[in-house]
Amino acid sequence: MSPSPDIHPVDPDVAANARIDRDAYERLYAESVADPERFWGRVGERLEWMRTPTRIKDVDFDARNLHIRWYADGELNASVNCLDRHLEARGDKTALVFEPDDPEHGAQHISYRALHERVCKLANALRSLGVRKGDRVTIYLPMIPEAAVAMLACARVGAIHSVVFGGFAANSIADRVADCESKLIITADEGRRGGRTVPLKANVDAALKLPGTNSVETVLVVRHTGAAVDMQMPRDRWYDAVTKDQPAQCEPERMNAEDPLFILYTSGSTGKPKGVLHTTGGYLVYASYTHELVFDLREDDVYWCTADVGWVTGHSYIVYGPLANGATALMFEGVPNHPDTSRFWQVVDKHQVTIFYTAPTAIRALMRDGDGPVKRTSRSSLRLLGSVGEPINPEAWRWYYEVVGDSRCPVVDTWWQTETGGIMISPLPGATDLKPGSATRPFFGVRPALVDTNGAILEGEAEGNLVILDSWPGQMRTVYGDHQRFIDTYFRTYPGTYFSGDGCRRDADGDYWITGRVDDVINVSGHRIGTAEVESALVSHPKVAEAAVVGFPHDIKGQGIYAYVTLLAGEMSSEELRKELVAHVRSEIGPIATPDHLQWAPGLPKTRSGKIMRRILRKIAENAPDQLGDTSTLADPSVVQSLVDERLGR
Ligand code: PRX
């Protein structure tokens with residue numbers, strides 16, 4: 001039987017040279033779920049341990065006794081695994097290629113030896129500033145090599161890093177600093193993106209004026225653009241000055257496998273972002289192993305992930321995974337359309353990139369400009385393409401495959417989350433037939449299942465909520481400072497399983513198709529935004545009485561942000577006020593939370609018990625007023641008509 005046109009069977013040439021072919025996948029997958037202890041024990045040997053673990057898996061998903069431990073008696077240091085152990089064989093190999101925002105500024109190539117030295121110097125400086133094992137350090141940097149250096153230097157001294165994305169504003173920085181009581185912040189004078197500058201140091205200054213941030217003793221400032229910034233002595237120190245005379249060797253801290261490596265804040269259903277905590281051993285095993293197999297890594301690859309280090313993709317697949325594997329990873333400071341929309345492909349040609357990993361939103365934005373900007377470049381070095389962050393629509397998948405990859409490079413559509421630490425469902429290039437829009441099969445050790453709203457497990461072809469039945473080493477261990485929230489968010493909805501928050505379909509072949517979030521999280525250009533966060537930013541404005549925020553389908557971003565706002569009695573709506581409220585959200589959270597639409601709502605559709613019916617608001621935002629469903633349970637059904645009229649401009 002010939003395959004249907006929507007299936008791209010594994011390329012026999014790719015399979016012949018791949019680490020994992022179809023048979024190996026089937027065999028290893030079966031083994032990984034039948035005997036996780038043995039499987040992950042063996043995989044754990046890929047790291048360099050200071051003390052070899054003998055206890056591999058110690059997990060209970062029962063909410064009453066929840067615990068997740070991997071390699072619990074092992075000891076290691078993540079920076080040693082990413083740097084020191086490569087020095088002998090790969091000392092001169094390029095660890096990081098840095099491509100700046102402005103192509104005229106010239107790229108940098110940093111060898112493993114040079115990176116090791118930079119990390120050691122910063123680690124020594126951190127120690128001299130009083131940073132000790134277990135202390136929290138906030139990193140608020142642009143996409144420059146110092147971001148990776150800072151993460152690894154924290155790991156070296158056992159400090160827990162919390163990277164805050166450069167697109168967040170002062171309030172968001174302050175919340176994150178306060179929540180984990182950071183002792184030190186590493187930032188830069190400014191960032192550069194698409195020819196514009198981002199006032200990073202000024203944002204930190206503003207954040208540190210806000211309540212709850214007194215824990216910060218020191219701010220290290222990387223001189224990047226050279227702009228004049230306000231240095232407040234003795235708190236603020238130049239990065240160069242404190243690192244320059246430090247020794248180039250630094251004794252790494254011995255870390256237990258279950259000691260925290262980092263905290264990364266992500267949005268959930270409530271207004272307060274969660275501090276997702278990852279630990280050292282299991283995370284590093286999982287990030288490096290998935291990176292090696294999903295990208296079918298080879299020694300001479302030049303690997304480029306376009307994510308920002310402020311997100312988990314940057315943590316696992318720019319820094320920890322690739323460097324633990326001794327790979328060459330490219331870090332790009334800029335954006336896809338600067339100086340023009342060929343930039344990604346120019347960078348691919350310039351650095352002879354072989355593996356390219358990006359987000360659907362970037363693909364869709366570039367697709368809009370047609371094939372020309374792509375076809376102007378060669379891209380002959382590419383052999384593998386990856387997608388992450390949101391569902392990829394089949395049309396964008398095909399454009400990526402056919403135009404960017406010249407129908408030559410497999411596309412790995414990787415489903416995972418901040419919480420999962422690494423890729424969970426994805427094709428393996430030598431083993432899995434590809435289907436545009438499907439993340440296909442679970443990675444080794446991952447046991448996905450679909451459940452209905454009552455929690456009953458659905459078999460065969462089905463659609464439901466995606467849960468994971470057993471632990472994997474890269475799983476988050478807790479919500480920093482709020483273990484109860486960890487249990488309640490992930491393990492109570494469908495007892496005994498990890499609940500992802502995503503909806504998903506499984507087809508007749510057993511391939512998984514992620515359909516998107518089923519909770520109050522919206523995925524804007526692959527960035528998670530909690531509707532409650534945007535709502536609380538809106539109601540913090542003195543003229544706003546109430547706000548309800550929903551996602552709506554957006555051609556480029558995947559989802560956009562749609563806000564309904566009720567003003568306080570006596571306040572008049574105006575175009576000016578609309579702009580003011582949008583600007584208010586940007587300054588409260590950051591530009592990534594900018595509402596795409598803001599509609600005045602004289603009233604919101606509520607049940608008699610006062611619960612806002614978001615389903616109705618989503619349909620109005622989607623411009624599908626004929627699909628509102630049953631509105632008879634509303635306290636005041638007439639508000640719906642007025643919202644629909646306003647939406648349609650009647
Ligand atoms: O809804 C899923 C979507 O992104 C969410 C996780 O977001 P975050 O924690 O920010 O991590 C993003 C990078 C791993 C998921 O719950 N998502 C991520 N990858 C995919 C995806 N949806 C569909 N297909 C994917 N490949």
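Trainee: Why is K611 called exposed?

Mentor: K611 has 11 C-beta neighbours inside 10 Å. A residue is exposed if 12 or fewer other C-beta atoms lie within 10 Å of its own, partly exposed in between, and buried at 20 or more, with C-beta atoms placed from the backbone. K611 therefore counts as exposed. The residue lies in the loop between β31 (597–600) and α20 (614–621). This is a predicted model, where local features need pLDDT of at least 70, side-chain atom pairs count only at pLDDT 80 or more, and totals for chains, interfaces and linings use all residues. Residues are numbered from 1 along each chain as its sequence is written.

Trainee: What makes α14 and α16 roughly perpendicular?

Mentor: Helix α14 (residues 360–367) packs against helix α16 (residues 394–404) at an angle of about 75°. Angles of 65 to 115 degrees count as roughly perpendicular, under 35 as roughly parallel, over 145 as roughly antiparallel and the rest as oblique. The two helices, α14 and α16, are therefore roughly perpendicular to each other.

Trainee: Which residues of α14 and α16 meet?

Mentor: From α14 come P360, I363, R364 and M367, and from α16 A396, W399 and Y400. Two residues are in contact if their C-beta atoms, placed from the backbone, lie within 7 Å.

Trainee: How do you know that β16 pairs with β18?

Mentor: Strand β16 (residues 302–305) and strand β18 (residues 355–358) are joined by 3 bridges and run parallel. Two strands pair if DSSP finds at least two bridges between them, so β16 and β18 pair.

How values were computed
Helix = DSSP H or I, 4+ residues; strand = E, 2+ residues; numbered from the N terminus. Axes fitted to C-alpha atoms, helices over the stretch in contact; angles between N-to-C directions.
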